[in-house]
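Before the terms used for this model are accepted, it is reasonable to ask what each of them rests on. Please look at the structure below with that in mind.

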Amino acid sequence: MKKIIFALILVIGFSTVFFSFNSRQTMVGVKLYFVDSQMLRLLPVEVYISDTNPQKKAQTVLNELIRGRDDNPKIRRTIPDIHGCMTVKVKNETAYVNISKKMAEAHPDGRELELLTIYSIVNSLTGIEGISTVRFTVDHEITKDFMGYIDMRETFIPDYFI
């Protein structure tokens, strides 16, 4: 009986090691764009995420932008830390980002901050292979603006000079 239990433990151990080596995810570097501490421009911060399909990478990037980097004094948060405040679908190299009304209400006011937030999202998502443009909705509806300044009916391309 002891030999059978020992053999079973060995088989389970080797199986665990074998499957963990085969299921190891490769990681890929992506740049997240955060607002600098003076809230004047965007700064890239490189992070590593699982190398999956563009849809999963896009949602991971949005989650990282929401999570922010509050421990880094060189960057500031403009996207409120509200779980699930943004979702994304990727189709034909376009990321369709849905922003919740809660996020819009909690977002700091001002044209420049709105512009920085939008391009933080656009620049970060278009850095993913398979995404070249971004479209936005608020609560799943196409709206004229996000906070009253930027026309959200447009298709956005990256602007790395903001």
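The exchange that follows concerns a predicted model and takes up its sheet, its helices and its cavity.

Me: Why are β4 and β5 said to pair?
Reply: Two strands count as paired if at least two bridges are found between them. β4 and β5 (residues 94-99) share six bridges, in the antiparallel sense, and therefore meet that cut-off. One of the bridge partners is Thr-94 in β5, which is matched with Lys-91.

Me: What makes β4 and β6 edge strands?
Reply: The open sheet has the order β4-β5-β6, with mixed pairing. β4 (86-91) and β6 (133-138) each pair on one side only. Neighbouring strands of this sheet are turned against each other by 20 degrees on average, direction ignored.

Me: Which strands does helix α2 touch, and what does touching require?
Reply: Contact requires heavy atoms within 4.5 Å. Helix α2 (residues 54-67) touches β4 and β5, and its direction makes about 155 degrees with that of β4. Helix α4 (residues 111-125) lies across β4, β5 and β6, at about 135 degrees to β6.

Me: Why is the empty space in this model called a cavity rather than a pocket?
Reply: The name cavity applies because a 1.4 Å probe fits there but cannot get out, whereas a pocket is open. The structure holds one cavity of 30 Å³ or more, and the largest has a volume of about 60 Å³.

Me: What makes up the lining of the largest cavity, by class?
Reply: Five lining residues are nonpolar, three polar and three charged. Among the lining residues are Tyr-33, Leu-65, Arg-76 and Ser-120. Strand β1 (residues 27-36) gives the largest share, three residues.

Terms used
Residues numbered from 1 in each chain as written. Predicted model: local features only at pLDDT ≥ 70, side-chain atom pairs only at ≥ 80, totals over all residues. Heavy atoms only, no water. Helix = DSSP H or I, 4+ residues; strand = E, 2+ residues; numbered from the N terminus. Axes fitted to C-alpha atoms, helices over the stretch in contact; angles between N-to-C directions. 1 Å grid on protein atoms, 1.4 Å probe; cavity = no way out; pocket = protein on both sides within 12 Å on 5 of 7 lines; lining within 4 Å. Points joined across faces, edges and corners; volume = space filled by probe spheres on them. Nonpolar A, V, L, I, M, F, W, Y, C, P; charged D, E, K, R; others polar.
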